[in-house]
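Here is a short report on one protein model. Please look at the sequence and the fold before reading on.

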Amino acid sequence: HKSGVTKPVVVYGASMVQGFSSSRPGMVWTSVLSRSLDVPVVNQGYQGHGRFEPSMGEYLAAIDASAYCFFNCGGQMSVEEMREKAPPFLRKLHRARPDAPILIGEYYYVVGNKRLQVGDEKRAFVREIVAALKAEDPGFWRNLYVVEREKLFCPDDDGTIDSAHFNDRGAYRCAEAFGEVLKKALFRQDCNQF
């Protein structure tokens with residue numbers, strides 16, 4: 001890889017990671033991300049899952065990753081479930097792989113003119129957990145990042161098939177959003193974006 005990154009970027013989530021509505025495997029946003037940054041990517045998307053299961057945390061920690069990306073704070077979990085499961089999951093993973101940056105994509109479902117209000121509580125949770133972890137130990141969590149919702153969807157709402165799952169255009173937009181933050185995380189480790 002010309003990028004110099006040989007360890008995989010591991011992406012974990014539900015159907016939007018799996019590639020539910022992409023036209024073909026090469027158009028899943030994780031595939032687009034791999035090509036655009038010239039980094040290996042392991043897609044761990046499971047339709048209907050991605051619920052911060054402890055067993056998945058152990059499995060992901062066993063992968064010697066260059067970075068971990070999470071895009072699973074969506075429709076499959078309530079805010080209460082995320083508050084219960086996400087902190088111990090992230091702490092355990094980061095203790096196992098302290099040098100690997102962690103990126104968390106905000107909840108972003110798109111519904112017409114109200115797209116910025118839909119899911120605000122879940123969006124707030126992502127920012128809340130990242131802020132809380134950074135406050136615990138800023139040095140340890142210096143490589144914890146948020147991928148902002150506004151950058152994940154197409155401004156004209158034409159990037160999904162159902163206000164959630166990406167079409168090919170939306171996949172490119174999502175890959176760009178995660179890629180922008182990954183560039184900071186992988187190639188300028190001292191950058192702290194939140």
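Beyond its neighbours within four places in sequence, S21 is in contact with I161, H165, F166 and N167. The model is predicted. S21 sits in the loop between α1 (15-18) and α2 (29-37). With a relative accessible area of 17%, S21 falls under the 20% cut-off, so S21 is buried. Its side chain reaches the backbone oxygen of F166 at 2.5 Å.

N167 is on the other side of that contact list. N167 belongs to the loop between β5 (144-147) and α6 (168-187). Relative accessibility is 18% here, so N167 also counts as buried. A polar atom of the N167 side chain lies 2.8 Å from the backbone nitrogen of G170. Leaving out neighbours within four places in sequence, N167 is in contact with S21, D158, G159, T160 and I161. I161 appears in the contacts of S21 as well.

**Aromatic pairs**

The whole structure holds 10 aromatic pairs. Two of them are set out below.

| Pair | Ring centres | Planes | Elements | Sequence separation |
|---|---|---|---|---|
| Y12 and F89 | 6.0 Å | 10° | β1 (residues 9-13), α4 (residues 79-96) | 77 residues |
| F71 and F178 | 5.5 Å | 65° | β3 (residues 67-71), α6 | 107 residues |

The planes of Y12 and F89 are at 10°, under the 30 degree limit, so this pair is stacked. The pair links distant parts of the chain, with Y12 in strand β1 and F89 in helix α4. Y12 has 1% relative accessibility, so Y12 counts as buried. F89 has 5%, so F89 counts as buried too.

The planes of F71 and F178 are at 65°, over the 60 degree limit, so this pair is edge-to-face. It links distant parts of the chain as well, joining strand β3 to helix α6. Both F71 and F178 are buried.

There is also an aromatic cluster. Its members are Y12, F52, F70 and F89.

**Nonpolar cores**

The largest nonpolar core has 29 residues. Which of them touch the most other members? They are L60, Y68, F70, L90, I102 and I104. Two or more residues come from each of β1, α3 (54-61), β3, α4, β4 (102-105), α5 (120-136) and β5. The top contributor is α4, with 6 residues.

Y68 shows how such a core residue is surrounded. Residues up to four places away in sequence aside, Y68 touches V10, L60, A61, I63, L93, R97, A100, P101, I102 and L103. L60 and I102 are named with Y68 among the residues that touch the most other core members.

Another core lies apart from this one. It has 27 residues, among them V5, V17, L33 and F166. F166 is also the residue whose backbone oxygen the S21 side chain reaches.

**Helix α4**

How far apart are the end C-alpha atoms of α4? They are 26 Å apart. At 1.5 Å a residue, the 18 residues of α4 should span 26 Å, so the two values agree.

The helix still bends. The angle is about 30° at K85, and a proline, P87, follows within four residues.

Buried residues in α4 are V79, E81, M82, A86, P87, F89, L90, L93 and H94. The cover over them includes β1, α3, β3, β4 and α5. L93 is one of the residues that Y68 touches, and F89 is the ring stacked with Y12.

Key:
Residues numbered from 1 in each chain as written. Predicted model: local features only at pLDDT ≥ 70, side-chain atom pairs only at ≥ 80, totals over all residues. Heavy atoms only, no water. Buried < 20%, exposed > 50% of the residue type's maximum accessible area, 1.4 Å probe, protein only. Polar contact = N/O pair within 3.5 Å; in protein donor to acceptor, adjacent residues only side chain to side chain. Contact = heavy atoms within 4.5 Å. Phe/Tyr/Trp six-rings, centres within 6.5 Å; stacked < 30°, edge-to-face > 60°. Core = buried A, V, L, I, M, F, W, Y, C linked by side-chain atoms within 4.5 Å. Expected span 1.5 Å × (residues − 1). Bend = angle between axes of the 7 residues up to and from the residue.
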